[in-house]
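Colleague: Got a minute to go through this one with me? Let's put it on the screen first.

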Protein chains: 2
Amino acid sequence: MAATRKIIVGVDLGGTSLRAVVVDPNDQTLAEVKTATPAAARPDVVIRAIARTVDEALKAAGVRRGAVGAVSIGAPGSVDAKTGVVNRAPNLGWTEVPLSKKLKALLRLPVLVGNDVHVGAIGEYALGAGRGTEHMVGIFIGTGIGGAIIIRGQLYQGSRGGAGEWGHTVILADGPLCSCGHRGCAEALGSRTAMEREVRAAIKAGKKSVVLKIMKDRGRERMTSSVMARALRQGDQVMQQVLARAQYYLGLLVANAVNVVDPECVVIGGGIADRLGETFVAPIRRTAYQYFLRARDAERVKILPGSLGDNAGALGAVVLARQWLRKN
Amino acid sequence: MAATRKIIVGVDLGGTSLRAVVVDPNDQTLAEVKTATPAAARPDVVIRAIARTVDEALKAAGVRRGAVGAVSIGAPGSVDAKTGVVNRAPNLGWTEVPLSKKLKALLRLPVLVGNDVHVGAIGEYALGAGRGTEHMVGIFIGTGIGGAIIIRGQLYQGSRGGAGEWGHTVILADGPLCSCGHRGCAEALGSRTAMEREVRAAIKAGKKSVVLKIMKDRGRERMTSSVMARALRQGDQVMQQVLARAQYYLGLLVANAVNVVDPECVVIGGGIADRLGETFVAPIRRTAYQYFLRARDAERVKILPGSLGDNAGALGAVVLARQWLRKN
């Protein structure tokens, strides 16, 4: 048990940014360092950047490596949690990268690797919006839609670590094409990418919208959550309508998840929920409640925005490391 | 452990028939009795009929009550497995019936109650098509669509025993009205009831079909699985087309389940699968494989018709009773 009392470094490895938090045994964050992920770089370059960021965070916290129980990483894409290999991470351009092994060689510390959404959901479950529940579903909405199922405090991995892909469940048979190549997936209807496609199509069809102007003013190539928030503040009707439609589909998705998993809580995470909070979640909740099979579930199943924001991934990685240390 | 070596009586309580099997500690069926469920009767009348059927089965097996470890029942509708209360069973016209307590008073034996689909899935998992797998999804297709998730040999119940309602997940947003009052549920697209509705609509629209004639010849008011089988044998095109469409939607549903649960096996149970076997399941499998998120899953995730037929429920009830006796 002594090992679980050690300090943990949680790392959130994103396509654009890299974040490390140093957390003590009492859940206190001692230091936090955020840097840019080296762009279009080879895996080894990115892994050295992770090692540097971990060391900087430890230095900022005044902690030496010997006091660290584990470094735990949330990585985008499909991850084999048992071997610590990132099988495929399109955001990083990675295929079959043995992240755990390589980082361990640099840091000489145990290194754990999990899928970023799985890790973020565990964070919300243990320390965020899902605290106090036994069964939780996490649905993270950003450029894509990721998900996780948590059963009695443990991430449910399925037979090969691939469980929880709510984003790639069909909710509109023969609907729009999805990034995965299939049609009608929730991701093709409710993700930020799907919403941007709808906004652009509406503008092309002659509808007036400030979205493209806001993107230009802010130097953004994509319709980010902050662009969405600003367009909504300006009362942009195209943005409102596109968002409402996505929220309807996301409400159906949440209801599907509740009817299948029967959880106490669904946490909606990711950039849009972090930025818009209840504005984003309330209409999703309304539709979901209508589509619950057991109407009385509306009284007891909570549907909440995540409460950890950008820290969900790094803090969730810490929680996973504690679970791992207790078992090993 | 001694108790687990006892004889178990498994009961399948259906809206039309009632079945009891007596199984010895080596999984050998000693006797089997099937009778009609008293029609439109009060719960007490049905419960007395269950007690009688159990006693008859024991008599046929040459087993006295004292050698029985438990009577275990699969009941249609929503069941509270902890209290043995049938909350709602539309097929039987029951609301809040304390089945376990009442039957125990008659038989003076421990009585367990589970949802019929949950129980049937456990049967297929332990003794049928799902044998040898760790994670399994069961989808039972009949007048409705029920489902179950099995994780490491245990039925996953969710926070209130309501998990696994695959039939009431939306797969075609704004699609046809479902028995639950929502739109676009799998049950409204792939159940026998949905298929019958489509066949009748096609005939009304002037298409030629032998289905209604077969129903009349056999004295059936509903399009049963045997009516479907006969129409298909006669090359009825309406039946073929309606079935193919339902199979497509069921394939999407199976893919959704695989993408969320990541099981090793999906068992398709219920009357149509029992009757048509591969004719029913092969097209479902083809569509599901196309919609798997991880294409390589097609090599390892089995999609099979149930192999226990009408006995899935009663045998599954036996398996659940053994699990319960081991714990108690």
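Modeller: Contact here means heavy atoms within 4.5 Å. This is a predicted model, so local features need pLDDT of at least 70 and side-chain atom pairs pLDDT 80 or more, while totals for chains, interfaces and linings use all residues. Residues are numbered from 1 along each chain, chains are lettered from A, and side-chain values use heavy atoms, without hydrogens and water.

Colleague: Which strands are the edge strands of the open sheet of five in chain A?

Modeller: Strands are DSSP runs of E, at least two residues, numbered from the N terminus, and two of them pair if DSSP finds at least two bridges. The order is β11-β10-β9-β12-β13 in chain A, with mixed pairing. Those that pair on one side only are β11 (154-155) and β13 (302-305) of chain A.

Colleague: In which sense do β12 and β13 of chain A pair, parallel or antiparallel?

Modeller: Val267(A) stands opposite Leu304(A) in β13(A). Four bridges link β12 (residues 265-269) of chain A and β13(A), and the sense is parallel.

Colleague: Leaving aside neighbours within four places in sequence, what does Asp310(A) contact?

Modeller: Asp310(A) is in the loop between β13 and α11 (312-327) of chain A. A polar contact (N or O atoms within 3.5 Å, one able to donate a hydrogen and the other to accept it; residues adjacent in sequence count only if both atoms are side-chain atoms) of 3.4 Å joins its side chain to that of Arg19(A). The full set is Asp12(A), Arg19(A) and Asp274(A).

Colleague: And which residues does Ile268(A) touch, with the same neighbours left aside?

Modeller: Val254(A) and Phe280(A) are among them. The whole list is Ile139(A), Ile141(A), Val254(A), Ala273(A), Phe280(A), Val281(A), Ile284(A), Ile303(A), Leu304(A), Pro305(A) and Gly306(A).
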